[in-house]
Amino acid sequence: MKQKYIPFLFLLGTLAAGCQKLNEDPKASLTPGTYFQTQADLDAAVAAAYTELTPDYAFGFTSRMTSCFGADDLTTDPALNKGDYRAFDELNGNDNASNLLNQWQGPWSCAYQATNVLLNYQHVNSTETAKNQDAGQAYFLRAFSYYYLVRVFGPVPVVTYQPNTSDLPQRDSVAKVYNLIVSDLNMAIAYLPPTWPGQPGKATQNAARALLADVYLTMTGYPLNQSSYYAQAAAEADTVINSGQYTLVPDYLTVFQTNNSTESIFGLQFNVSGGAPERSYGASATPLDESGADGTGGWDDYYPEINFYLNAPNCIRSKETFYDTLKLKINGVFTRVPWNSPLTHAGHPYYKKFRAGLVTNGVGDGVSENDSVILSIQPSTNKVMDFIRYPMVLLDYAEASAMSGGPTAASYSAINMVRARAGEPPLPPGLSATAFQDSVVTERGYEFAGENGVRWFDVVRLQLLPQIIAARSSLENPITNTGNLQDKYLAPIPAYDMANDPSWVQNSGY
Amino acid sequence: MKRLLLQLLLLAFGISVAYAQQEPIRGKVLDPNGHPVPGATVSLKNSRITTTTDAEGNFQIQPGKSKTPVLIVTSVGYEESDVNVTSGGSISVNMKPVSKSMNDVVVIGYGTQRKVTLTGATASVGATEIAKRPIVRVEEALQGTAPGVAVESTSGMPGTPLAVRIRGTNSLTGSNEPLYVIDGFIGGNIESVPASDIESLEILKDAAATAIYGSRGSNGVVMITTKSGRSGKARIDFNFWEQNNQIPKELSLMNALQFATVVNQQDAELGQAPGFTQAQLDGFQTNPGTNWQKALQRKPWVNDYNLTISGGTEWVNYLFSLDHLDQPGMILNQYYRRTTFRSNVGIKVNDRMNLQFNVAAVIPESRNNGYQGDITDPFAQAYQWDPTSPIKDSNGNYIMRSAFASNGTNPVAQANNSLNDANSTDITGTGRLTYRLLKGLTFTSDNYYEINNNQQLTLNGPLTSAGLVGEDYAATNNGKSWNFQNSNFLTYHGNWSGHSLTLTAVYEQTNGEASNTNARSNNLSTYALGYYNLGLGATQIISSGYSSSSTQSYVGRLSYSYKDRYLLSASIRDDGSSHLVKKYSTFPSVGLGWNIAREKWLENSRFISTLKVRGSWGIAGNQAVPAYSSIPTIGVGGIENAAAYYYDGKTPSVYTPLGSPVSTTLKWEDDEQVDGGIDAGFWGDRVTLSLDVYHKHVSNLLYNLPTPYWAGGGNHEANIGNLENQGIEFGIGATPVQIHKFKWNLYYNMSFNTNKVLSLSGLDNIIVNNIGSAQTGVSILKVGKPVGEFYGYDFLGTWKTSEAAAAAKYNNKPGDSRYLDVNNDGSITGSDEVPIGNGLPKYTFGLSNDLSYGDWNLSFLFQGTHGNQIYSGTFPYMFGDQGDARNATTTEILNTWTPTNQTNIPTVSPSSQNYINSSRWVYNASYIKLRNINLTYHVPDHFVSRAKIRSLEFYVSGQNLWTITKYPGYDPEVSNQTNGITQGLETGMIPNPRTYTFGVRLGL
């Protein structure tokens, strides 16, 4: 072959290799255009909505309650790296708090995934029942998320469409957000099955009703103040109670050391070895002064305020709730000292119910200990984080029924079930509706002490800040708020999203 | 002119010229140091007679029929030498090395060009320059040697790339590293090129030079040309160096007694029980406790071996090189090892056709050299850890935690037990055909194929921070990729009556694929098998990925000159890429030059030997959009570490989260640059000056904009704004002394650059979520300010006793931190945060000196920066204020404010905010370093030639022996920068070593 042809061969080869195709095919990535074909696609999209709530930066950690530290069931270390909790404890939070961002990020991420399911579930080739049951979970989770957002942050945009990068929705009114929540929960009730055998983590019909009852009850208070919803709250709760699906666990502490008990209505599921640890039980709730025999230590993130502890009813539930004798290692020997001993650095009682985490064969996966010795303090546990327990339905019913023409015998019966399990006597009969409501609110405070801000949201809806400030011990972190107290019922929108849209107006006072 | 030059040459180098009729002409070819040049080609002008010199540089050649024979002597690395043979006897030809001469040919994109006709701003670093110091990575060779090129060694970890900035920071989150082109392979792997393989480095700075690389050229281009064999007998070169590395500085930390005393004082201030008993304090009187810095650090020996065999004939040249580097880190259980192999073979098939086949392979292997600089790294834990805690207990078990230490883990245990091992094999094959189609018209086809296999093995067993919280795991990631480049170009070159024209047309295509498989196993039942059997884990998580990219480009270029006086070049490149929705973008450039010194009225000047003015304009791009950025995707897993959702707490269910929305209008960053320059030489270029002024305007800045959480959170790529860089840079070279055997060369360069953000899609500023756990929200992008301004409160020291009343307004008391209340609203809130500094230098400079006396050579290089600052994440933790550090460790805490000693070091009190982002942690990081000093002895050839040794050199050198800086941390040069914004942020980075080297270069 003549060599002069060689370059032409090269040229020919190049042309044969062809012009590069410049289109993209992300072979390893699912894309919206081709997804949502099968029921399995849909199931996996629903699972994403649940999973979005589990990380540390969502609801997996104590930071999910950052804005709730203003209540009397939560306070934090006076000095350590708890600045965000401390600021809200002192009613002086700010929009730069990174822990606050978790309260914002978690529910929004869940709602985003839920909306994705709701926009696409119809496309799937499957049975109507299976599709609707998945849609029902998405409705539930979206309502659950928005309910959380609206209570913490007030007006937020209602995003029920797939947004694109140029969308700039404005903050919608609180009423509009509640409309979405109520409508979503009604859809969830319509679509969800009564139970999910073997899958206790999935939302059920009664979980949606229980949540709706609590939503209606909240709508009666600040900021909507629509007392007409008492009756609807009572009706939804009543349906759940009458279903007979749930019973109170005889021993209060057992609820916090087992998963998916008979009183669990909806909880987030965790799995440490699967990379989804629950991190609010265990080390987070344990004093800094305590350390395990293996050198592991407590984080001192959250504990009750002194007077909240001192004013607690004298009952078995209080003994199981609070941890008031610390086990300090002094010169290498575990020594029991009372919470207010000068040997403790914070001088506070702690929560006992959040220490152990999931107990298996008598050993907790959070704090592993006996009366005299702490073996280990772990920050990651497998404990389910219960968001709706049966006592909430009972107390929602008690309050709502009392405030809509009661209290009735059923009102008394509901609250007294909770009190009986707590080891308290029944409420004295003949209370006025408002006195009865006060009793229920107090009962909720202690029944749900330290749990997901239940107490704080009661403080908000009933405008209790002046009372709890008055009751606050001088030994607590000082209230440093200098602004308008009324502004403190809402947390600021995190700076992160304020910066994303300069036209958003921050909540007053921040 | 030519004759004059020739005479000057003859004069300067004292060529004695011989003439002999019919007798063979004998002679010897020597370099300027008097060493023989083997393998040089000697040919008789106007004939086909040619020969090459032997190992001693000797040649003999038939003179032919001419009465005035002229010999043409050529050799790679030297200028062509024409010798008039006028007398008999042996002649000696002194070759002048290719240097700063205007006759140099330099490598440009898709070809070469005579330097005299260049219109762009470029700089060169040659092999002799590179050989002056022991170099581990290519980037080091650029450090301090060229104006406009700032090279920072941002970490002293073995095997870490250096940060190279050509003319400032051009991109926010995209790469700011220059484009490396290795023998024409765009984006080649520079890890595969050991310093001794490099023939030359060309640095292309302005758009006239870089626009030829279109969408990849905006950060400047570094063209690496590797060596090739010279015709002649095989040459064997063996180089070896051994080096001791040391961390140059120890931070001043408290001993056990001081530490315990301070802990007790602070407990007292906070109303808490003392942490240490009197008995413990008494014990610390005699026991200083653990020095964690010493416990973690090592002074390792680093060595490098290089063997090169090269040679060739008229038809074939070859070069094989093998290099092995072994570089242990300066902390426990850390290393980087690298083996490279190169084979460069050139074949001259006939007068028309040349072929080149190169193979380059690199096999790097590393352990624990991926620390990004975080407060949880062992190196950072070492300066935060409790000095009262021993490393191990009396049973020999690690004491993993201490109630008084940081929340982390015993740094010695962590360093020893946590493994992050990586290895890879990367092979690049090059095939090049050049074919002369017609006179002046050449076709070239360059083909490159690179394959890479890599593996990452991770083990975090029981005695690691992950293990302590029950999150122990082992993981294996395997990746594979290939890249292909095919460049075909036609080059026409023509000369007629003073006009010179070169036309180049290129068609280029690239494509590549990458895939990976990741397996992770949690809570292994035993760690006896390390990371080798992931089947032992309770939970196993698997994922995999794939991506592919392709580009297609068309390039045209015209270079024209008239009598080398008037120069014009213009190029245009149309780049198509798979990453964008709108595929094609166009990048033009124009350059003009005037060689004033070549004008008649100046060409005889004795004073001015070179004078050229240049000007250029052009646009280059930054390809900072990753593949698939415009396609919304649905993830598989990926929410934190969750492998699945567990509806019963046990059984995993796969989940597929929808990603955030993406922009479909993405464009490359466009960098429009104007450059004006002057090159001058005086007294026969004994003094040279090169000066450039430039302005760069970068538009379509890409930023990974935060996506609102209501839209899914995370980030999305968007084109958000503009920035500019403008600057002046110059280099001055001189040979102040040249007497007999003594010669002194010096070179000084200096670069000023100012950077400014011009717009951010309507926003005034963007606060950046930073890197590492110690630094969040420390940076801000602000219109009118440079990129990556530090952001925080303005620290004013402490409240003094006399200011108690004012302090009380802020809920503070004397001794507390005091910050500027910018808006004067009586409280310190987020709105009081302001820009408080910047990591960008105002100018950088380098001064190199080269002194040779006979067989001795001493060279040293000073290099420095001025006007840059560091935001330290290290110091707040050493003050133990808050965060995860529990107690102060620095001795500076001993000087804390007291009523009787009112210093500016605040007390630890509940009312004092000591740890917030503030100017307290911003330090002046200007420095001057004696980067390198080197003394070489060339053993006289007559000593070694009997042992058949061609040349033998010994050298000793030191790097970073001396630093002038006000920065109180380890090293003002290190930072955790991951992009243009985070420059100057520092937390727990390992400093650059001080090194002492001994080396040998042996040639056979």
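In this predicted model, helix α13 (residues 409-422) of chain A and helix α14 (residues 433-447) of chain A have axes that come within 11 Å and cross at roughly 35 degrees. The crossing in which α13(A) passes α14(A) is left-handed. On the side of α13(A), the contact is made by Ser411(A), Ile415(A), Val418(A), Arg419(A) and Ala422(A), while α14(A) contributes Phe436(A), Ser439(A), Val440(A), Glu443(A) and Glu447(A). Sorted by class, the residues of this contact between α13(A) and α14(A) comprise five nonpolar, two polar and three charged. An α-helix has 3.6 residues a turn, so residues three or four places apart point the same way.

Helix α5 (residues 128-153) of chain A was examined for its length and its surroundings. Because each residue of a helix is taken to add 1.5 Å, the 26 residues of α5(A) should span 38 Å, and this agrees with the 36 Å that separate its end C-alpha atoms. The helix α5(A) is mostly covered, with 21 of its 26 residues buried. Gly154(A), the residue that follows α5(A), has a positive phi, near 80 degrees.

Between the two chains, 89 residues of chain B are in contact with 88 residues of chain A. Within the side of chain B that touches chain A, the largest share, ten residues, is supplied by strand β26 (residues 537-562) of chain B. By class, the residues on this side of chain B divide into 45 nonpolar, 37 polar and seven charged.

Technical notes: Residues are numbered from 1 along each chain as its sequence is written. Chains are lettered from A and ligands numbered from 1 in the order in which they are written. This is a predicted model: local features need pLDDT of at least 70, side-chain atom pairs count only at pLDDT 80 or more; totals for chains, interfaces and linings use all residues. Two residues are in contact if their C-beta atoms, placed from the backbone, lie within 7 Å. Helices (H or I, at least four residues) and strands (E, at least two) are DSSP runs, numbered from the N terminus. Ala, Val, Leu, Ile, Met, Phe, Trp, Tyr, Cys and Pro count as nonpolar, Asp, Glu, Lys and Arg as charged, and the others, Gly among them, as polar. Axes are lines fitted to C-alpha atoms, for helices over the stretch in contact, and angles run from 0 to 180 degrees between N-to-C directions. A crossing is left-handed if the near helix is turned anticlockwise from the far one by less than a right angle, and right-handed if clockwise. The expected span of a helix is 1.5 Å times one less than its number of residues. A residue is buried if 20 or more other C-beta atoms lie within 10 Å of its own, exposed if 12 or fewer, and partly exposed in between; C-beta atoms are placed from the backbone.
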